[in-house]
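Biologist: I would like to learn how to read a model with two chains. Could we take it feature by feature?

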2 protein chains.
Amino acid sequence: MPQTDVPARPNGPGAPDASNAAGASGAHGALGRRPGPTTTAQAILTHAREQFSRRGYANTSLRSIAEAAGVDPALIAHFFGSKRGLFEAAIEVPLSPDTPALAEFRSSQGDPVERLAVMYVKLWDTPGVAQALSTIVLEAAHDTAAAKAMARFMYTWVGQPLVDELGTDHPELRLRMMVGFMAAIALQRRFDPESMFASLTQEQVVALMTPTMRFMMTSPLPQEFA
Amino acid sequence: MPQTDVPARPNGPGAPDASNAAGASGAHGALGRRPGPTTTAQAILTHAREQFSRRGYANTSLRSIAEAAGVDPALIAHFFGSKRGLFEAAIEVPLSPDTPALAEFRSSQGDPVERLAVMYVKLWDTPGVAQALSTIVLEAAHDTAAAKAMARFMYTWVGQPLVDELGTDHPELRLRMMVGFMAAIALQRRFDPESMFASLTQEQVVALMTPTMRFMMTSPLPQEFA
DNA sequence: ACACTATCTCAACGCCCGATGAATTACCAG
DNA sequence: CTGGTAATTCATCGGGCGTTGAGATAGTGT
């Protein structure tokens, strides 16, 4: 969890030559391409996720992201096209089928709801994932792209696996209730350090969430939902 | 639910006199104080609530609020001091003990959880209240004042009445779970018109929420929560 | 009717933002 | 070594924002 304000350049071997006769202006940063391998796009993306999730899209400036990444703002346009482009990259949840928490859900046995809770709590403690999910949830009300990303995440990584194994009626209705509940707890855990949720261990959170999640997915619905 | 883009001035009797020799510039709006009673501060507040809730604080400009209210932006500074001042007025939930939905909760009988659900759904369909609550919930992650407003609302209008009558263990833990769940449903109902929640009647939503809410408030917690 | 105050518009200032284009340096294939 | 391409900084532009102060008009108490 990189929380430094310092640019943290990778290296900087030796000043090649100080032939930069830039008059009386103060020297800001070295001109031209940096030596060594290029990790800048990733650094930008990481800090963008962090800042978007902490302050929201509209309150985050490209300048502050660039500063945190130790880079000129124009580089963002170079790599991501625009602020919007960077945002859409940032809300792409960095998950693949072999992400540990996901693989573990698939390979483990027992109550699928409890296994889902375990997976979910681990995902929210994964760097990158937590920021992307926070941003998605918090912007979803105002932002179409975020809303779509949320639906995609919900079906792909939560709904599909669980419903396949559980086979319940009204899967979408139940899923929406359960995911809303889970998101509410995850957000309180992340953004309200005074909240009791923040001081619970992963295991305690799982133990707390699981019964309610199971109730939502399995208890019979009222008659009017035929 | 005023959704017009038109200013909708209250009246405008007759042009008093066209002695405004303003050169060649186009005449914008009449100078000086308007005739008739003053409702401007309320109009500003109403449109501010609507826009803050729909687009978020940072994405809403004073100019657009003023335009929707049919008023000059400087008037906002006059009545509310600053954008921040307007925001803090906007997240003040317009409720008093004799608001119908609240009074009805107190005077009615039966399962307190179901009565709470009824009250809550009605509150979220009350103009002004819905906008204020949406804004509070959506900004709470980034904004201290909103977070405090959320806690205040939760304890004053939900927790206190319910726990008094229910008398359960770990009231805060249970309350936070339940309120998170309720907020998640209310937000989906308001901001995702494609969601199935949006097309349910108030009664159906109540029937859907109540069992889960009751489960959260009454089911025994796992052992580790002594 | 007269002064005082509250309401309202207008014009403008300074600031910060996102975006652009040119110039500079490093990497890499031949 | 050489030419092309990618990465990086810098300076700058135009625009929208929140805020301010001055001036005009309407209400109000005496």
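Modeller: We will go through the symmetry, the chain interface, the domains and one residue. Keep in mind that this is a predicted model.

Biologist: How are chain A and chain B related by a turn and a shift?

Modeller: Two copies of a chain are related by a rotation about an axis and a shift along it. Here a turn of 180° with a shift of 0.0 Å along the axis lays chain A on chain B, and the RMSD is 0.0 Å. The two copies are therefore related as by a two-fold rotation axis.

Biologist: Which residue of chain A comes closest to the rotation axis?

Modeller: That is Phe181(A), whose C-alpha lies 2.4 Å from the axis. As for the contact surface, the same one serves both copies, since 100% of the contact residues of chain A recur in chain B.

Biologist: How many residues of chain A are in contact with chain B?

Modeller: On the side of chain A there are 34, and they touch 34 residues of chain B. Two or more residues each come from helix H9 (171–191) and helix H10 (202–218) of chain A. H9(A) gives the most, with 12 residues.

Biologist: What classes of residue make up the side of chain A that touches chain B?

Modeller: That side has 20 nonpolar, nine polar and five charged residues.

Biologist: Which domains does the assignment give for chain A?

Modeller: The assignment lists domain 1 (40–90) and domain 2 (100–218). Their centres, taken over C-alpha atoms, are separated by 26 Å. Eight residues of domain 1 of chain A are in contact with eight of domain 2 of chain A.

Biologist: Which helices of chain A each supply at least two residues to the side of domain 1 that touches domain 2?

Modeller: They are helix H1 (40–55) and helix H4 (83–90) of chain A. The largest share, four residues, comes from H1(A). By class, this side of domain 1 of chain A has three nonpolar, two polar and three charged residues.

Biologist: Now a single residue: is Gln51(B) buried or exposed?

Modeller: A residue counts as buried if 20 or more other C-beta atoms lie within 10 Å of its own. Gln51(B) has 22 within that distance, so Gln51(B) is buried. Gln51(B) belongs to helix H1 (residues 40–55) of chain B.

Biologist: Which residues is Gln51(B) in contact with, leaving aside its neighbours within four places in sequence?

Modeller: The contacts are Thr60(B), Ser64(B), Ile65(B) and Ala68(B). Met119(B) is 68 residues from Gln51(B) along the chain, and 25 Å separate their C-alpha atoms.

Notes: Residues numbered from 1 in each chain as written. Chains lettered and ligands numbered in written order. Predicted model: local features only at pLDDT ≥ 70, side-chain atom pairs only at ≥ 80, totals over all residues. Buried ≥ 20, exposed ≤ 12 C-beta atoms within 10 Å, placed from the backbone. Contact = placed C-beta atoms within 7 Å. Nonpolar A, V, L, I, M, F, W, Y, C, P; charged D, E, K, R; others polar. Domains from an automatic or database assignment. Least-squares fit on C-alpha atoms with pLDDT ≥ 70 in both.
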